[in-house]
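Open the model in a viewer with the sequence panel beside it. The stops below say what to select next and what is there.

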Amino acid sequence: MTHTARRIGRSLALVLPVVLVLSGTLAVTSVPWAGGSSQTQMLTASSENVSVRAKPRAPQDVLRDKLLAELQEKDPGVALTHLQRTVEERPSLAKHCMSIARALGKAAVQHYGPVRAQTFSRPVCDTSYAAGVAHES
């Protein structure tokens with residue numbers, strides 16, 4: 001008796017996961033994903049509509065986003081200091097320094113207001129931060 005029960009148990013242990021996976025897959029493929037239509041839609045895999053891998057972001061865009069987040073978390077002075085250090089460490093970013101500092105100035109005005117944002121001004125990247133503050137004010 002125990003030998004038969006053990007054999008049935010092993011068979012179920014092998015078959016049950018396969019049945020569950022297949023039933024779950026079939027359930028997902030028949031879900032109406034579009035919402036409003038009364039027709040049954042089937043989810044099908046197609047190699048024609050494969051999404052294209054995103055292009056790597058430019059270093060200046062990554063730096064700008066990082067510094068804008070830092071401006072929100074800490075203050076513009078910290079972000080400007082990190083901008084200056086990064087440009088000194090990576091001279092290839094120097095040509096983007098003015099646009100990044102200007103973006104920091106604009107974001108500082110939105111976050112701190114024009115008067116307080118101006119107090120963080122420094123001569124980083126030819127005072128582009130101050131230009132961004134003045135433009136946004």
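The tour starts with the whole chain, moves to helix packing, and ends with individual side chains.

**Whole chain**

Keep in mind throughout that this is a predicted model. Show the chain as a cartoon and colour by secondary structure: there are 6 helices and 0 strands. Read from the N terminus, the order of elements is α-α-α-α-α-α. Now colour by relative accessibility. Of the 137 residues in the chain, 25% are buried. If you draw a contact map and keep pairs at least 6 apart in sequence, 60% of those contacts join residues at least 24 apart.

**α2 against α3**

Select residues 59–73, which form helix α2, and add 76–89, which is α3. The axes of α2 and α3 lie 7 Å apart, at an angle of about 155°. An angle over 145 degrees counts as roughly antiparallel, so α2 is roughly antiparallel to α3. The crossing of α2 past α3 is right-handed. Show side chains at this contact: L63, L67, E70 and L71 come from α2, and they meet P76, V78, A79, H82, L83 and T86 of α3. By class, the residues of this contact are 7 nonpolar, 2 polar and 1 charged.

**α2 against α4**

Keep α2 and swap α3 for residues 97–112, helix α4. Here the axes of α2 and α4 are 10 Å apart and the packing angle is about 25°. With the limit for roughly parallel set at under 35 degrees, α2 therefore counts as roughly parallel to α4. This crossing of α2 past α4 is right-handed. On the α2 side, select Q60, L63, R64, L67, L68, L71 and Q72; on the α4 side, S99, I100, A103, L104, A107, A108, H111 and Y112. The residues where α2 meets α4 divide into 10 nonpolar, 4 polar and 1 charged. L63, L67 and L71 of α2 appear in the contact with α3 and also in the contact with α4.

**Salt bridges**

How many salt bridges does a search of the whole structure find? There are 2. Side chains of opposite charge can pair when their charged atoms come close.

Select D61 and R64 for one of them: the closest N and O atoms are 3.0 Å apart. Both D61 and R64 belong to α2 and sit 3 residues apart, about one turn of the helix. Residues three or four places apart in an α-helix point the same way, because the helix has 3.6 residues a turn. D61 has a relative accessible area of 29%, so D61 is partly exposed. R64 is also one of the α2 residues that meet α4.

Then select R57 and D65, whose side chains form a salt bridge with an N to O distance of 2.1 Å. Is R57 buried, partly exposed or exposed? R57 is partly exposed, because its relative accessibility is 49%. D65 is likewise partly exposed, at 37%.

**R102 and α6**

Finish on R102, in helix α4. R102 is partly exposed, since its relative accessible area is 31%. Leaving aside residues up to four places away in sequence, R102 touches S128, Y129 and G132. R102 and S128 are separated by 26 residues in sequence, but their C-alpha atoms are 5.0 Å apart.

Extend the selection to residues 128–136, helix α6, where S128, Y129, A130, G132 and V133 are buried. To see what covers these buried residues, display α3, α4 and α5 (114–118), which are among the elements that do so.

How values were computed:
Residues numbered from 1 in each chain as written. Predicted model: local features only at pLDDT ≥ 70, side-chain atom pairs only at ≥ 80, totals over all residues. Heavy atoms only, no water. Helix = DSSP H or I, 4+ residues; strand = E, 2+ residues; numbered from the N terminus. Buried < 20%, exposed > 50% of the residue type's maximum accessible area, 1.4 Å probe, protein only. Contact = heavy atoms within 4.5 Å. Salt bridge = Lys/Arg side-chain N within 4 Å of Asp/Glu carboxyl O. Axes fitted to C-alpha atoms, helices over the stretch in contact; angles between N-to-C directions. Parallel < 35°, antiparallel > 145°, perpendicular 65-115°, else oblique. Left-handed = near helix turned anticlockwise from the far one by under 90°. Nonpolar A, V, L, I, M, F, W, Y, C, P; charged D, E, K, R; others polar.
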